[in-house]
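Trainee: I would like to go through the labels on this structure and hear the reasoning behind each one.

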Amino acid sequence: MTEPDLFALEAAVVGQPKRSRWRRYLGPVLAVSTVEGTPLAEVTDTDTDHKHFVLTKTSGEFVVRIEKRSWSDPFEQFGPVRFRFVDGTDREVGTARARGPIKSRQLSLRTERGRRLFLTRQGLSAEWHLTEADPAESPAPEILGRVTMSTIDAWIGLQQYVVEMAPGLDASERQTVVASVVCLHLIRRPPGEGSAVV
């Protein structure tokens, strides 16, 4: 069976893989699948400092490396956080930035071709909207996508994100959006820490 093209899809699910409640988990940080549940890719943590993550397809094909850079580690909670998306030739193919005391409120994205996008949380809801302009500006910008978070295992606190993207986004832009949802999760649930960041 042919594996679906991840960045040709208008919707995908990024979520924490299921695991035993009683054993130490050693698998990928996140898994990416179709809405129907077909596995597409996974995200692995490649160092003990939790600064480098790799998105690979289920076939083993490298997709992108996500590098986390913060203003100053001791004050990371207060300073801005920047993520770089790097391809197999070490070329930057996108970025995501978050700032402010509640960094999960909004991520500012830049795609491979330089297009600016914003992923902004809607109040205290579990939904983020993807737009080309800051939603705080007037008039309200067109919504190019939605990310909806839900808890799939309340006991452990596992979460998933349904990512919906407009047909007008090209493959490189969808790659940036999916990678930014990985970043959103890393901000909300830093590896090695048990509590969620809202």
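Mentor: The model is a predicted one, and what follows takes a few of its residues and asks what earns each its label.

Trainee: Let us start with Leu109. Why is Leu109 called buried or exposed?

Mentor: Leu109 has 1% relative accessibility. Buried means under 20%, so Leu109 counts as buried. Leu109 belongs to strand β8.

Trainee: What is Leu109 in contact with, leaving aside its neighbours within four places in sequence?

Mentor: Its partners include Thr95, Ala96, Leu117, Leu130, Thr176 and Ser180. Contact here requires heavy atoms within 4.5 Å. As for Gly94, 15 residues away along the chain, its C-alpha atom is 7.4 Å from that of Leu109.

Trainee: Next, His185 in helix α1 (residues 171-188). What makes His185 count as buried?

Mentor: The relative accessibility of His185 is 2%. The limit is under 20%, so His185 counts as buried. Beyond four places in sequence, His185 is in contact with Gln16, Leu30, Tyr161 and Pro190.

Trainee: How do you know that His185 and Tyr161 are joined by a polar contact?

Mentor: Their side chains meet at 3.1 Å, and a polar contact needs a pair of N or O atoms within 3.5 Å. The pair therefore falls inside the limit.

Trainee: Helix α1 also holds Arg188. Why is Arg188 put in the buried class?

Mentor: Arg188 has 3% relative accessibility, and the buried class ends at 20%, so Arg188 counts as buried. The side chain of Arg188 makes a polar contact of 2.6 Å with the side chain of Gln159.

Trainee: Arg121 is also buried. How do you know that Arg121 has no salt bridge?

Mentor: The nearest side chain of opposite charge is Glu127, 10 Å away. A salt bridge needs nitrogen and carboxyl oxygen within 4 Å, so Arg121 is left without one. Arg121, in strand β9 (residues 116-121), does have a polar atom of its side chain 2.6 Å from the backbone oxygen of Ser125.

Trainee: What makes Arg84 and Glu92 a salt bridge?

Mentor: Their side chains meet at 2.7 Å, N to O. The limit is 4 Å, so the pair qualifies. Arg84 counts as buried at 14% relative accessibility, whereas Glu92, at 26%, counts as partly exposed.

Trainee: And what of Glu67 and Arg69, at 3.6 Å?

Mentor: That N to O distance is within the 4 Å limit, so the two form a salt bridge. Glu67 is buried at 7% relative accessibility, and Arg69 is partly exposed at 44%.

Trainee: Which parts does the salt bridge between Glu132 and Arg115 tie together?

Mentor: The closest N and O atoms of Glu132 and Arg115 are 3.0 Å apart. Glu132 lies in the loop between β10 (127-131) and β11, and Arg115 in the loop between β8 (106-110) and β9, so the pair ties together parts that are 17 residues apart in sequence. Glu132 has a relative accessible area of 45%, which makes it partly exposed. Elsewhere, salt bridges that share partners join Arg65, Glu67, Arg69, Arg82, Arg84, Asp90, Glu92 and Arg110 into one network.

Trainee: How many salt bridges does the structure hold?

Mentor: It holds 14 salt bridges.

Trainee: Asp90 appears in that network. What makes the phi of Asp90 worth a remark?

Mentor: Most residues other than glycine have a negative phi. Asp90 is not a glycine, yet its phi is positive, about 65°. Asp90 sits in the loop between β6 (81-86) and β7 (92-98). The exposed class begins over 50%, and Asp90 has 55% relative accessibility, so it counts as exposed.

Trainee: Last, which residues form the nonpolar patch on the surface?

Mentor: Trp22, Trp155 and Ile156 form it, and together they have about 440 Å² of accessible area. Ile156 is located in the loop between β11 (143-153) and β12 (158-165).

Trainee: Why is Ile156 called partly exposed?

Mentor: Its relative accessibility is 30%. Partly exposed covers values between the 20% and 50% limits, so Ile156 counts as partly exposed.

Key
Residues are numbered from 1 along each chain as its sequence is written. This is a predicted model: local features need pLDDT of at least 70, side-chain atom pairs count only at pLDDT 80 or more; totals for chains, interfaces and linings use all residues. Side-chain values use heavy atoms; hydrogens and water are left out. Helices (H or I, at least four residues) and strands (E, at least two) are DSSP runs, numbered from the N terminus. Buried means under 20% relative accessible area, exposed over 50%, partly exposed in between (1.4 Å probe, protein chains only). Patches are made of residues with over 30% relative accessible area and no salt bridge: like charges are joined within 9 Å, nonpolar side chains (Val, Leu, Ile, Met, Phe, Trp, Tyr) within 5 Å. Accessible areas come from the Shrake-Rupley method with a 1.4 Å probe; for residues, only the protein chains shown count as cover. Lys and Arg count as positive and Asp and Glu as negative; His and the chain ends are not counted. A polar contact is a pair of N or O atoms within 3.5 Å; within protein, one must be able to donate a hydrogen and the other to accept it, and residues adjacent in sequence count only if both atoms are side-chain atoms.
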